[in-house]
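Hi,

Here is the structure I promised to pass on. Have a look at it first, and then read my notes below.

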Amino acid sequence: MDLTPYLDLFVAEARDHLGAACELAGSLGEGEARDAALAQLFRHVHSIKGMAASMGFAAMSALAHDAESLMDRLRQTRAVPEPGTERVLRDALACLERMVDRAERKDAVDDAERAALQDGLRRLLGGHPARAGAAPLDPGGSAGPARAAAGPESSGCFKIAVIVRRDRSFPAVRAAIVIGKLARLGKLVRIDPPMAALRTGRFDGRLAVTIAAHLPARALAARVSAVEEIETFTMVPVEAPRSRDASAPVTASLRVRSDRLDALLEDVLELMSSLGRIDAAGREIETTRRLARRAYDALVEMRLVPFEVASQRLSREADALSRRLGKGAAVEVEGQEVKLDRSLLERIIDPLLHMVRNAVDHGIESAETRKAARKPAVGRVRIRVARLASRLSITVEDDGRGLDPRRLKQTAIERGLLTPAEAVRLADPAALSLITLPGFTTAEETTEVSGRGVGMDVVKTTVEALGGRLRIESRPGRGTRLELSLPATVALVQTYVVRAAGMSFAVPLASLGRMASMDDHSTTWRDGRRYWNVGAEEIPVWALRDVLRLHGPAEGRGGMVLIGEAASGATVGIEVEEIVGRREVVVRPLPPPVSGLAGYSGAAVLDDGGIVLVLDPANLPLD
Amino acid sequence: MDAPGPRLHIPAGVHRSGVTIVQKKLAASFLLVSFLCTVVAVAVPRLQPDPVWSPALMVCLDLAIGLGGAWLVSWLVVRRIRALASAASVISKGDLTQAVAVEGADETAELARAFSTMVGSLLGVLKEVREGAESIHESARSLSRTSSEVNAATEGIAEAAHAIACGADTQADDVARTSTLTRDLTGSVNRIAESARSVQEAAEDAAARANAGAAAARRAAEGIVGVSNAVNASADAVDGFQGQADEIGKIVTFIVSLADQTHLLAINATIEASRAGEEARGFAVVAEEVRRLADHVRGFADQISSVTEEIRGGSHSIARSIRDGVRAAGEARELVDRAAASFDAVLDATRGTTERARGIARGAEEQRRLAGQVDEALERIVRVARDNARGTEETSNATLGQTASMQALSAAAEDLARTSDHLKNLLATFRLRD
Amino acid sequence: MDLLYFRLGAAPYAIPLERVAEVAPAGPIHPVPLSPPAVLGLAERRGRPIAVIDLPRLLDREPAGGTVAHVVRLASPLDGAALWVPSEISSGTGTPAEAGHASIDGRDHLVLDTEALVKRAAAPL
């Protein structure tokens, strides 16, 4: 996968973190303030480590890891550090900065420097020195993921001079939108005027873009002309800029802090709902609304990253570990294209890593054991990501030895987490959850990529802190399945809006099998329950107003049934009174105190500021 | 001094000019006596008593002499007169055969002689009279008889004439009655004409009043329109004013909402500031100030709002009362229009009435004229009838008069007869020589 | 300490400012079927749904009528929960008094425990 689109963001974020880290490192202070500063510093470096790892910059990640270890040590021991510790720390940060710069320029890293630093760090830690020069030559340290701007897959470099339509409002925003659209057609090598200038609102309508396009010229021209905001444009083939041309910035990028991004997103959402509240109709408002919508969509898209970004890393880790442990383990990832909120991804990456590591380490048996058990020699670790309405489901499944409840109970008793009596009373399925007890996980040698103190207990708390649930299933000898069910903080969901008893509800398309109209002829009553006969099937039907205990007046013709799958797997029908239409909405989880309310997958705020509840038909309380 | 002599009562009727002999005798005697006395008195001074007694004595003497003389004379005269008187008395009793004795040659004897002549001539006349009376009586009696006869005949004519006259009278009466009726008719026609005229006058009067009323109504309507326009203008002004008050109200509402938002903003700023830590202390203070300011603004805005509400309420009620006024003016206008319309209707009606009244008056006039003509005709008839009647009456009256005069004649004849009878009877009382 | 304070009926209450994310005027509330009775429903705030909790009901006070109402959105970790306060709200500093009270401008306010409130509100009854 080509990570180059994310390079800019990585660079921007890394620089921010590094900047803050350097500031903190410059003045650590004393006592309580020092602890707080160290903690923040730790977090910054930790983030950098994760990002670097995601981007495949192993060297950077390694250095960050060592720095992190040092800080952790400092934080935990509270001992007076060795003299020079802080200096080494600052040097490490500086080195990291330089590495980021090089990565931006797609230059090779100065390995010697890095190695020296890592040595220094490790010495302080009392660990073994890093292997200088033997840093795995992976993309992180070298020219990295940057290919020649005019690589084999691009059909050419073109300079496109664009005149943006002047009869519309907010020309600068339109220019940004144009840039966004052009960015999809290839790599934007140069943008004139730069985004920073556009951000100030100064824009004279003329935009010049140098693009290394994926498409041949004619297709490119067609796509460019299809961009609505462009009034006229000219396209000229140019020579690809040389990769080592450091004099001009490769691309201009927007540097935005993610929390500012969040704030902007919120503001845009509020803008949208305010616009919705303005009664006065007018083309201008419509235009503005559309613009806001587009900006929102663009921003949302900027927030979302495909799971691919994480799954790549997970795959790599699994591969590396399996190689190290001498086991055969293959990682399958399903749902790579599922887009997740970036912040969410950041926060679950560590738990996922741990889960994967556990699967490879503890789950997959050795090749011999597997052969003896008549399993394929290569163990399979399947990571599946799926999204349902506002919930995200990430499953890590292996076909290894599974979890043995008896052994778990034993371990728990040994570790003093369970009394024998309790162990007897504990049912087997519940026993699986023992692994999430704090202190259950055996202390292991931390490796480069396993989280620090990240045991299943931390996984559980992390998942729950995100508003999610962890489900553990296992069949001894067959495998283990860990499912994370998380609320996606931002999810655009296709829904059908239906009405019952005067209230509107949105039902996600994904949770619907089909919709149909039910006429009385095909319903029968049995044991007080209504059944709808469709072909050979007999589907039990509940009226939504009954399920939700609604009392409003009935509208519409009624008889519309949504057919979906209940939690039990059975097909059920939910009768509504009216189907209003399709709507794509942003589903947000229900906030406390109703966050656990069954039957809802969240609530959506509509363009006009109204709220519609999004149902989770599978979990409606059907009695 | 001529001493009053004795007075003589000479009976009236006997008067002759010249001095009678008697009188001369008397006078001579009287003068002699008187002279004597006086000489005596003067000659004899001694006989002159005292001044008081002597004149009295003179007088008494005079008187005595005088009286004595007078008595003497008169006795002489009276004896003769008395004898005449007793003769006259017998004559008066009707006996004219009595002779009167003549004695002497003086005046009394003349008297006696004249008296006796007179009786004699009287006796002759009375005899003639008696004879004449007898003949008259005879003629009278025959006259009476004739007149009776005529009377009777005349009465028959009179009656017939009277009948005619009556008939003529009747006719005249009828005609007169017809004439009266016609006159009554004319009278009532006149009255109708009068009423018609008065109606006409009244109608014209009413018309004039209606005109005046309509004119006044129109003036009133114009006046109301003027008022209404003025009121509308004020209403518009008040509307404008109210619009301004509404504007103020809107602005105030806006300010209030602004103040509320500022209040919340300040609170939220404080919240953020509290999170930002110590550095934001100053900011928190500022936020607090902003909040207090917002509260003040809110307070002021509330005041303005209540004042504006009052103004609006006031202007509302002003506007309302103006609108009421306008509406009332409109209603008044309507009423006035209606009044004008009814005036016009009245005018029309009165015009019609006047026309009809004039028609009636003309008709009445016509009728009166006709009645007058009838009347005249009747009058002529009456006159003729009356003339006839009068003629007949006159005839009748004449006849009657004649009869009457006949009767009067007859009566006179009777009377004459009676008188002559009476005369005869009277004469019969006198004893005449024959 | 910095407090948000208000009165419900005659009783003065306060909430520590650090527990509060935002104070906003009350807007339309969308009821959630099957939700606990103390939850009035969802409101929209900054493009996200927040759950509005009937504070007077939780405190056994009469539901206030009147036109003034605010929604006090709570801060982490109670993100998305909000309290419905039918009265004017002010902020200020108070001195802590005993047993969860604080004195603001000389008047004694009961300081509310927002976590406990949200937990109570989640109870089906």
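Let's start with a definition: the expected span of a helix is 1.5 Å times one less than its number of residues. Keep in mind that what you are looking at is a predicted model.

Now take helix 6 of chain A, residues 171–183. This helix has 13 residues, and from its first C-alpha to its last it reaches 18 Å, close to the 18 Å expected at 1.5 Å a residue. Which of its residues are buried? They are A:Ala172, A:Arg174, A:Ala175, A:Ile177, A:Val178, A:Ile179 and A:Leu182. When you look at that list, remember that an α-helix has 3.6 residues a turn, so residues three or four places apart point the same way.

Chain A also has sheets to look at. As background, strands of a sheet pair through backbone hydrogen bonds, either parallel or antiparallel.

One open sheet has five strands in the order 6-8-9-11-10, with mixed pairing. Strand 6 (329–334) and strand 10 (469–475) of chain A are its edge strands, each pairing on one side only. On average, neighbouring strands here are turned by 10 degrees against each other, direction ignored. If you zoom in on strand 6 of chain A, you'll find it paired with strand 8 (residues 379–388) of chain A in the parallel sense, over six bridges. A:Glu334 stands opposite A:Arg384 in strand 8 of chain A.

Another open sheet of chain A has six strands in the order 14-18-19-17-16-15, again with mixed pairing. Why do strand 14 (512–517) and strand 15 (523–526) of chain A each have one side without a neighbour in the sheet? Both stand at the edges with a single partner strand each, so one side is left free of a neighbour in the sheet. Neighbouring strands in this six-stranded sheet are turned by 35 degrees against each other on average, direction ignored. Strand 15 of chain A is joined by four bridges to strand 16 (residues 529–534) of chain A, and the two run antiparallel. Across that pairing, A:Trp525 stands opposite A:Arg530 in strand 16 of chain A.

On to chain B, which has four helices and zero strands. Read along the sequence, its pattern is simply α-α-α-α. Chain B has 434 residues, and 26% of them count as buried.

One spot to find there is a nonpolar surface patch of about 470 Å², made by B:Trp71, B:Leu72, B:Trp75 and B:Leu76. B:Trp75 lies in helix 2 (residues 53–92) of chain B. With a relative accessible area of 45%, B:Trp75 is partly exposed.

Have fun exploring!

How values were computed: Residues are numbered from 1 along each chain as its sequence is written. Chains are lettered from A and ligands numbered from 1 in the order in which they are written. This is a predicted model: local features need pLDDT of at least 70, side-chain atom pairs count only at pLDDT 80 or more; totals for chains, interfaces and linings use all residues. Side-chain values use heavy atoms; hydrogens and water are left out. Patches are made of residues with over 30% relative accessible area and no salt bridge: like charges are joined within 9 Å, nonpolar side chains (Val, Leu, Ile, Met, Phe, Trp, Tyr) within 5 Å. Accessible areas come from the Shrake-Rupley method with a 1.4 Å probe; for residues, only the protein chains shown count as cover. A salt bridge is a side-chain nitrogen of Lys or Arg within 4 Å of a carboxyl oxygen of Asp or Glu. Buried means under 20% relative accessible area, exposed over 50%, partly exposed in between (1.4 Å probe, protein chains only). Two strands pair if DSSP finds at least two bridges between them. Axes are lines fitted to C-alpha atoms, for helices over the stretch in contact, and angles run from 0 to 180 degrees between N-to-C directions.
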